[in-house]
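Hi,

Here is the structure I promised to pass on. Have a look through it first, and my notes follow underneath.

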Amino acid sequence: MATRTISKPRGRPNNRFGDRRIEVLRTAARVFSDLGFRQATLEDVAREIGMTRAALYHYSQSKDALLTACGDIARQELMEAVGHARREADGRARLTAFFQRYAEIVSEDFGRCFVLTDASEMAEDERTTSLKAQLALGKAAAEMIAEGIADGSLRPCDPRVASRLLFAAFNGVARWRNPPKDVAGDFLDILFDGLAPRG
């Protein structure tokens, strides 16, 4: 396996164990995204981070537990993105702020893992939690679209269909190795204005 650089942990853990745990989880998320959760093993994670499998058990007893912990971080970041977007003035601005942050999150290890891990590969509890989060995110985006239609910042359409379209487009960012810096802006320009010539 090619050596990959481990990203610096985000946030400020208050002790060495917390810092190392985030590093372990970030590495697990990257391995699961790159190899596929079903194909990846605890040995792959331990090898990538440079520890023994026995040492890895100090941080997690199973691959499923690692995935759940990674998913918890991604879900928290995504729901925080919804909260921040809600502060914007109108529906279009809220939708823009949310998907700009969404693109950033799914370009990073935890977000990529959340998007790229198939629900069929998850343990039942994690599958249920993940699906609930996806439904909540879809509902939030649809509400922003409906608000935009009501305030005139977006044209009339079916908010649920538009929400699905946006997530289908933005989830693809997780598969890009090096997405363009302003991929969210490019996506939204096309989705807001369409492909038909103007005038």
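How many helices and how many strands does the secondary structure of the protein chain come to? The count is 9 helices and 0 strands, so reading from the N terminus you just get α-α-α-α-α-α-α-α-α.

Before you zoom in, bear in mind that this is a predicted model. The average pLDDT of the protein chain is 90, and 90% of the residues score at least 70. The stretch to watch is residues 1-15, where pLDDT stays under 50. The model does give that stretch 30 contacts beyond four places in sequence. Still, where pLDDT is low, the predicted coordinates should not be read in detail.

Now for the overall picture. The C-alpha atoms of the protein chain fill a box of roughly 65 × 35 × 30 Å along the principal axes. Of the 199 residues in the chain, 41% are buried. If you take the contacts between residues at least 6 apart in sequence, 63% of them join residues at least 24 apart. The accessible surface of the chain is about 11200 Å², with 51% of that belonging to carbon and sulfur atoms. As for charge, the chain has 30 positive and 28 negative charges, and the mean positions of the two sets are 2 Å apart.

You may well want to know about the cysteines. The disulfide count is 0. Take Cys-70: the nearest cysteine sulfur belongs to Cys-113 and is 5.1 Å away. A disulfide needs the two sulfur atoms within 2.5 Å, so that pair does not qualify.

Is Cys-70 buried or exposed? Its relative accessible area is 1%, and because anything under 20% counts as buried, Cys-70 is buried. Cys-157 has a relative accessibility of 36%, so this cysteine counts as partly exposed, the class between 20% and 50%.

One last residue, towards the end of the chain. Where is Leu-195 found? Look in the segment after helix H9, which covers 183-193. Leu-195 has a relative accessible area of 75%; that is over the 50% cut-off, so it is classed as exposed. For a sense of distance, Leu-195 and Ser-107 lie 88 residues apart in sequence, and their C-alpha atoms are 25 Å apart in space.

Cheers

Terms used. Residues numbered from 1 in each chain as written. Predicted model: local features only at pLDDT ≥ 70, side-chain atom pairs only at ≥ 80, totals over all residues. Heavy atoms only, no water. pLDDT = per-residue confidence, 0-100. Contact = heavy atoms within 4.5 Å. Helix = DSSP H or I, 4+ residues; strand = E, 2+ residues; numbered from the N terminus. Buried < 20%, exposed > 50% of the residue type's maximum accessible area, 1.4 Å probe, protein only. Areas by Shrake-Rupley, 256 points an atom, 1.4 Å probe, with all protein chains shown as cover. Lys, Arg positive; Asp, Glu negative; His and termini not counted. Charge placed at Lys NZ, Arg CZ, Asp CG, Glu CD.
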